[in-house]
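Student: I have a two-part request. Show me the structure, then let me press you on why each label is used.

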Amino acid sequence: MNGQTFHSVTLDPAKCTGCTTCIRYCPTEAIRVRKGRAIIMDERCIDCGECIRACPHNAKKAVSDPLAAMERFNIRVAIPAPTLYGQFDEKFTIDRILSALKGLGFDQVLEVAWAAELVSNAGALSVDQRQCKGPMISSACPAVVKLIQVRFPSLIENLMPIQSPMEVAARLIKERFYPGRADVGVFFISPCAGKVTVSRYPQGVKTSAVDGVIGIKDIYVPLRNTLPGTVELPLAHASGRGIAWAHIDGESDAVGNPAGISVSGIADVISVLEALENGKMANVAFIEALACPAGCVGGPLTVENPYIARARLRARERRVVSRGHRQPPVAADDLELGWEEPVQAREALRLHPDMLKAMIMMEEMEVIHASLPGLDCGSCGAPTCKAFAEDVARGHVVITDCIFKLRENVRKLAEQLIDMERIQPPGLDKD
Amino acid sequence: MKLHFDVPGDDLSLAGKASSELKKALGRLGIDPVTIKRTAVAMYEAEINMVIHAHGGSADAEIGPAGIDIRLQDSGPGIPDLDMAMQEGYSTAPEAARELGFGAGMGLPNMKRNADDLRIESTVGVGTTVTIRITLPGSTTKAP
């Protein structure tokens, strides 16, 4: 499964005013406004969260699990993203944060940052041994993977075929800590909307070992209230190398290839992928690409400002060095980290399965586009005049949904009425 | 079907737009990723050449069931020695373009590598016309 239609970003219809702000921010033109409400086209949504950030009415949200979801399981395990550490003041150590998390009802806690170190090692190897032409692109950001599936299918072969740190942490819990048990629930504490989707429709693995995804913002208040009175347990194992995955440059530093570059923010990611597809970047070996500004710290399910969070994480990375060495929480040297199945292209932008029919539709689209005002005003509910032309060619809307075309038609009609009014019956015509 | 693009001259930051638009169109038609990439690379290199050497020009693409034909026309200085220009590493790009990582002398060789047929007609002082043909997989039609 490659998550063909499911996505975690949804609309709260009660809050949506149909204002058309979100449609301009969507990198795959997946949103249209219909009948005063924003509609997300399932097959195009990549879960990047841009619309969540852009919506002035907070009508866009990501579906994630409530804290109470853990009650379905006898054994409850939390696997927090390193981004969680950047949400709190540095006076609370990582040990303290993890202990407080445990205090909320989890039997065990394993850092995704620690799993990220394993992924970094496997990633470094896979960059060195890569078979694809050009650089290897990190597959850790689910929105970037989906962006490539939808908009850059020729770059699928460049995706690093290694499981994400979240998936690796969850598998360690299920396979190494509690082998053979079916009553273990693993919950990812997430800054990311896309991770909700990949926990149900994973990328590169057949089934995800993650049972639920709890947004950082949903756990923030109870966790913050628990922190001051929590007794610290030595639960932290990750080094700065793994913790840094929460922000831009973290993964590329951890992978350690000198010919690596890192890019964050969906618009910049797109420009890098465009350049790569054009045959540029011949000397780049690795691309860390993260959809959110400044990396996962900019995720839509976070609370703290991404740049504050990043500064805090950097300070923590330096501090962890002085903590001294701790034994790894579990032996993981022999763990298989590779993908189990390839990721497929999603033909969400294709006009018609029959190429000749698609060509006819595209010709129609070009003609319609040329007749439109080109203001990209959004009144029709599509992000651009071009997208509107495409919607007309696909038969989803009619040309008069463009208010300028409608006005043109009304004017023609009015002119015809006036012309008709001038015509006198022959008996009355005195000229 | 036909697509027309204007390639504005002397602004390298805008170069690549036509190639990007063509790529989007090919994706909408459901052309396979490998062909899209080949087309993108060939078109991009041609576009860059046009901006660096010829103050821009125009590009016309014709997409049919057998393949993609791209014709790029400029009224630039022309190429005095075509054989020399086709050699890898040969470049007459100005310093400003080199600083941006262009002008490695790979433009024409890259176009040749990615196109199924590449024709260049150039007259010094008049201009250059580049025709690129990309055959679609499964198509039996040979390049003209």
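Tutor: Start with the contact of the two chains in this predicted model. Chain A gives 25 residues and chain B gives 25 residues.

Student: What makes a residue part of that contact?

Tutor: Heavy atoms within 4.5 Å count as contact. On that basis 25 residues come from chain A and 25 residues from chain B.

Student: How much area is buried between chain A and chain B, and what share do carbon and sulfur atoms give?

Tutor: About 2100 Å² is buried, and carbon and sulfur atoms give 60% of that area. On the chain A side, A:Asn278, A:Met359 and A:Met362 lose the most area to chain B. Together they make up 29% of what that side buries.

Student: Which helices cross between the chains, and at what angle?

Tutor: Helix 13 (residues 355–371) of chain A meets helix 1 (residues 17–29) of chain B. Their axes come within 8 Å and cross at roughly 135 degrees.

Student: Why is that pair called oblique?

Tutor: Roughly perpendicular covers 65 to 115 degrees, and roughly antiparallel begins over 145. The angle here is roughly 135 degrees. Helix 13 of chain A and helix 1 of chain B are therefore oblique to each other. Helix 13 of chain A brings A:Met355, A:Ala358, A:Met359, A:Met362 and A:Met365 to the contact. Helix 1 of chain B brings B:Ala25, B:Arg28 and B:Leu29. By class, the residues are 7 nonpolar, no polar and 1 charged.

Student: What makes helix 4 and helix 6 of chain A roughly perpendicular?

Tutor: Helix 4 (residues 112–128) and helix 6 (residues 165–177) of chain A pack at about 105 degrees, with axes 8 Å apart. The range for roughly perpendicular is 65 to 115 degrees. So the two helices of chain A earn that label. Helix 4 of chain A contributes residues including A:Val112, A:Trp114 and A:Leu118. Helix 6 of chain A contributes A:Met166 and A:Leu172, among others. The contact holds 11 nonpolar, no polar and no charged residues.

Student: How do you know that A:Cys141 is in no disulfide?

Tutor: A disulfide needs two cysteine sulfur atoms within 2.5 Å. The nearest cysteine sulfur to A:Cys141, that of A:Cys192, is 6.3 Å away. The search of the whole structure finds 0 disulfides over all chains.

Student: Why is A:Cys385 not bonded to A:Cys402?

Tutor: The sulfur of A:Cys385 is 6.5 Å from the one in A:Cys402, its closest cysteine sulfur, so the gap is too far for a bond.

Student: Buried or exposed: what are A:Cys141 and A:Cys385?

Tutor: Buried means under 20% relative accessible area. A:Cys141 has 10%, so it counts as buried. A:Cys385 is buried too, at 10%.

Student: Why is B:Asn114 called buried?

Tutor: The relative accessibility of B:Asn114 is 14%, so it counts as buried. B:Asn114 lies in helix 5 (residues 107–114) of chain B. Leaving out residues up to four places away in sequence, B:Asn114 touches B:Arg38, B:Val41, B:Ala42 and B:Ile134.

Student: What is notable about phi in A:Met281 and A:Asp376?

Tutor: A:Met281 has a positive phi of about 65 degrees, although it is not a glycine. Phi of A:Asp376 is near 50 degrees, also positive in a residue other than glycine.

Student: Where are A:Met281 and A:Asp376 found, and why is each called partly exposed?

Tutor: A:Met281 is in the loop between helix 11 and strand 11 of chain A. A:Asp376 is in the loop between helix 13 and helix 14 of chain A. Partly exposed falls between 20% and 50%. A:Met281 has 22%, so it qualifies as partly exposed. A:Asp376, at 31%, therefore counts as partly exposed.

Definitions and conventions:
Residues numbered from 1 in each chain as written. Chains lettered and ligands numbered in written order. Predicted model: local features only at pLDDT ≥ 70, side-chain atom pairs only at ≥ 80, totals over all residues. Heavy atoms only, no water. Axes fitted to C-alpha atoms, helices over the stretch in contact; angles between N-to-C directions. Helix = DSSP H or I, 4+ residues; strand = E, 2+ residues; numbered from the N terminus. Parallel < 35°, antiparallel > 145°, perpendicular 65-115°, else oblique. Nonpolar A, V, L, I, M, F, W, Y, C, P; charged D, E, K, R; others polar. Buried < 20%, exposed > 50% of the residue type's maximum accessible area, 1.4 Å probe, protein only. Buried area = accessible area lost by both parts, 1.4 Å probe.
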